[in-house]
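Subject: Structure handover and what I found

Hello,

Here is the structure I promised to pass on. Please open it beside this email and follow along as you read.

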Amino acid sequence: MTSATSPKRALALIHSDEIYKSQSIEQSLTPPETPPHDKHTTQPLHPWPEPETAPEEVVRKRRKTLVKDASTEEFNLTHQDVLLLHAPKQRYEHTKQQPIPELKTDWEMLVEVEVVGLNPIDWKAPDFGWGLPALPCISGRDLAGKVVRTPKAKSRFSKGDNIMAISTDYRDNRKAAYQQYAVVSDFNACRLPDHIKSTDAAPLGVAFVAAALALGICMGMDFGRRTSGPRGPSLLRNVQSVNRDALPKDIQQECFDSIKESEGAKAGDWIAIWGGSSASGCCAVQLAKFAGLKVIAIIDVARNGERMLKHGADLLVDRLDPGRAVEIVKGITKGKLRFGLDTRGKESAKLLASVMQSASKEDGDSQAHLVGLTGIPKEPTDGVVYHSVPIKAFHEAPAVGEGLMIWLEKLLDQDLLRTPDIEIAAGGLEGINAALDRLRDGSVNGPRIVVPLKV
């Protein structure tokens with residue numbers, strides 16, 4: 001294992017005179033286009049995230065220092081294999097002799113994809129036409145691999161670094177995971193310590209980012225005020241340091257207007273996570289404990305209870321009797337639950353909102369805050385603010401993305417964050433369709449499927 005003082009392992013600090021300028025803001029203001037495939041096509045929607053979004057002058061500057069890297073001359077491949085989706089309700093097609101994606105900004109790097117982590121959105125998007133970009137397209141959100149071409153601008157990454165990356169900008173085919181080589185913005189990548197395997201890291205990204213944004217932006221949790229572990233970012237402050245109009249319109253309200261900093265979750269507060277055994281739920285439990293919160297995990301206790309206790313949950317409540325679960329949470333929190341995270345769907349989110357309603361009535365000055373990862377209740381609940389995760393902030397606000405990735409590097413390096421349980425699927429790119437079929441039919445419950453591309 002590389003020592004903590006090694007230059008390669010040194011964790012970069014963000015200087016006040018460094019800035020990134022988002023390269024895809026203008027594109028992100030335009031909703032994704034899904035070409036109609038027949039007259040029965042329904043209006044697409046994109047339910048990100050999926051277990052699936054200081055003042056202006058303080059925004060850090062990104063130096064345009066150019067770094068000569070011999071790797072740009074050494075890497076001379078021009079074509080690769082990819083998986084293409086040609087139309088909704090079709091399977092991904094293995095396609096050869098596709099061009100290697102080009103780097104378009106000074107902080108983009110090229111990564112050889114070694115392992116892909118599968119997410120439910122990877123099969124739901126084509127099956128239901130959710131938020132597909134112009135077709136044909138390449139999909140895949142989670143990947144791990146090796147840097148083969150470094151950014152032109154000064155970067156904390158070097159050729160040969162093992163990294164994991166998260167592609168939240170699903171309209172940009174260059175950054176998708178279902179290909180042999182992918183473009184990654186350096187502020188959306190996490191360098192892996194030597195003791196973390198690519199197969200273990202590959203499925204962590206989307207879950208970690210969704211959980212961190214849900215807690216840090218939607219609930220105002222300041223990870224810098226941790227009770228254990230390395231100091232993390234204040235995501236609400238980070239995102240609000242960006243000019244409001246620099247962010248896509250569909251996440252501006254969530255990032256700027258949905259919670260006051262004074263109302264944010266703090267050490268000692270209760271948080272209930274319905275579906276805490278999902279990958280994003282497991283991450284949320286661990287991150288909430290870092291910040292000193294008391295965590296109730298509403299799960300299938302017989303199946304997942306032992307694992308959730310290892311993640312640090314303070315109380316396990318069985319979700320198989322929803323009415324009883326609601327009564328237990330009310331009793332334990334004495335009707336003062338102000339923070340809730342749902343990972344399962346609108347029905348469980350509605351039940352969680354009913355618990356939180358009593359909290360808002362008892363404390364008239366503070367609202368309760370409920371985040372739905374896969375949906376929020378159709379009807380409003382008095383005193384409860386509904387939140388959707390602003391997943392686009394991860395790639396549109398580099399201060400947010402890089403702050404999270406540098407923190408994740410430290411958590412993994414110190415073995416403080418448990419990675420999801422995995423199941424390895426064979427077949428490389430050509431095996432992804434079969435692996436997605438297992439997600440479709442529900443035959444995989446618990447472990448995350450990862451697919452190594454080299455067979």
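Below is what I found, taken one region at a time.

First, a caution. This is a predicted model.

**The parallel sheet**

Start with the open sheet of 6 strands. Its order is β10-β9-β8-β11-β12-β13, and the pairing is parallel. Strands of a sheet pair through backbone hydrogen bonds, either parallel or antiparallel. Which strands stand at the edges? They are β10 (315-318) and β13 (384-387). Each has a single partner strand, so one side of each is left without a neighbour in the sheet. On average, and ignoring direction, neighbouring strands here are turned by 20° against each other.

Now look at one pair inside this sheet. Strand β8 (residues 270-274) runs parallel to strand β11 (residues 339-342), and 4 bridges join them. Take isoleucine 271 as an example: its bridge partner in β11 is phenylalanine 339.

A helix packs on this sheet too. Helix α5 (residues 205-218) touches β8, β11, β12 (368-372) and β13. The direction of α5 makes about 155° with that of β12.

**The nonpolar cores**

Helix α5 matters for the next topic as well: it gives the largest nonpolar core its largest share, 11 residues. That core has 69 residues. Which of them touch the most other members? They are Met164, Phe208, Leu213 and Leu287.

Follow phenylalanine 208 outward. Set aside its neighbours within four places in sequence. Its contacts are then Cys283, Leu287, Leu404, Met405, Trp407, Leu408, Leu411 and Leu417.

There is also a second, separate core of 38 residues. Among its members are Ala165, Ala182, Ala425 and Ile432.

**Two helices side by side**

Two packed helices are described by the angle between their axes and the distance between the axes. Try this on helix α8 (residues 279-290) and helix α9 (residues 301-311). Their axes come within 9 Å and cross at roughly 30°. Angles under 35 degrees count as roughly parallel, and therefore α8 and α9 are roughly parallel to each other.

Which residues make the contact? From α8 come Cys282, Val285, Gln286 and Lys289. From α9 come Arg307, Met308 and His311. By class, this contact of α8 with α9 has 3 nonpolar, 2 polar and 2 charged residues.

**Strand β3 and its partners**

Next, find β3 (108-117). Is it mostly covered or mostly open? It is mostly covered: 10 of its 10 residues are buried.

Several strands pair with β3. Here are three of them, with one residue pair for each:

- β3 and strand β6 (residues 181-185) pair in the antiparallel sense over 5 bridges. Leucine 110 stands opposite valine 183 in β6.
- β3 and β4 run antiparallel, joined by 7 bridges. Valine 113 stands opposite glycine 145 in β4.
- β3 and strand β15 (residues 448-452) also run antiparallel, joined by 3 bridges. Glycine 117 stands opposite valine 450 in β15.

Stay with β4 for a moment. Strand β4 covers residues 142-149, and valine 148 lies in it. Valine 148 counts as buried because its relative accessibility is 11%, and the cut-off for buried is under 20%. The C-alpha atoms of valine 148 and tyrosine 181 are separated by 9.1 Å. Along the chain, these two are 33 residues apart.

**Helix α3**

Helix α3 (residues 121-128) has 8 residues, and 6 of them are buried, so it is largely enclosed by the rest of the structure. The buried ones are Ile121, Asp122, Trp123, Ala125, Pro126 and Asp127. What covers them? The cover includes β3 and α14 (432-440). Just after α3, glycine 129 takes a positive phi of about 70°.

**A loop residue**

Last, go to aspartate 257. It lies in the loop between α7 (249-256) and β8. At 46% relative accessibility, aspartate 257 counts as partly exposed. Leaving aside neighbours within four places in sequence, aspartate 257 is in contact with Arg244 and Gln252. Its C-alpha atom is separated from that of cysteine 218 by 9.9 Å, although the two are 39 residues apart along the chain.

Best wishes

Conventions: Residues are numbered from 1 along each chain as its sequence is written. This is a predicted model: local features need pLDDT of at least 70, side-chain atom pairs count only at pLDDT 80 or more; totals for chains, interfaces and linings use all residues. Side-chain values use heavy atoms; hydrogens and water are left out. Axes are lines fitted to C-alpha atoms, for helices over the stretch in contact, and angles run from 0 to 180 degrees between N-to-C directions. Helices (H or I, at least four residues) and strands (E, at least two) are DSSP runs, numbered from the N terminus. Angles under 35 degrees count as roughly parallel, over 145 as roughly antiparallel, 65 to 115 as roughly perpendicular and the rest as oblique. Contact means heavy atoms within 4.5 Å. Ala, Val, Leu, Ile, Met, Phe, Trp, Tyr, Cys and Pro count as nonpolar, Asp, Glu, Lys and Arg as charged, and the others, Gly among them, as polar. Two strands pair if DSSP finds at least two bridges between them. Buried means under 20% relative accessible area, exposed over 50%, partly exposed in between (1.4 Å probe, protein chains only). A nonpolar core is a set of buried Ala, Val, Leu, Ile, Met, Phe, Trp, Tyr and Cys residues joined through side-chain atoms within 4.5 Å.
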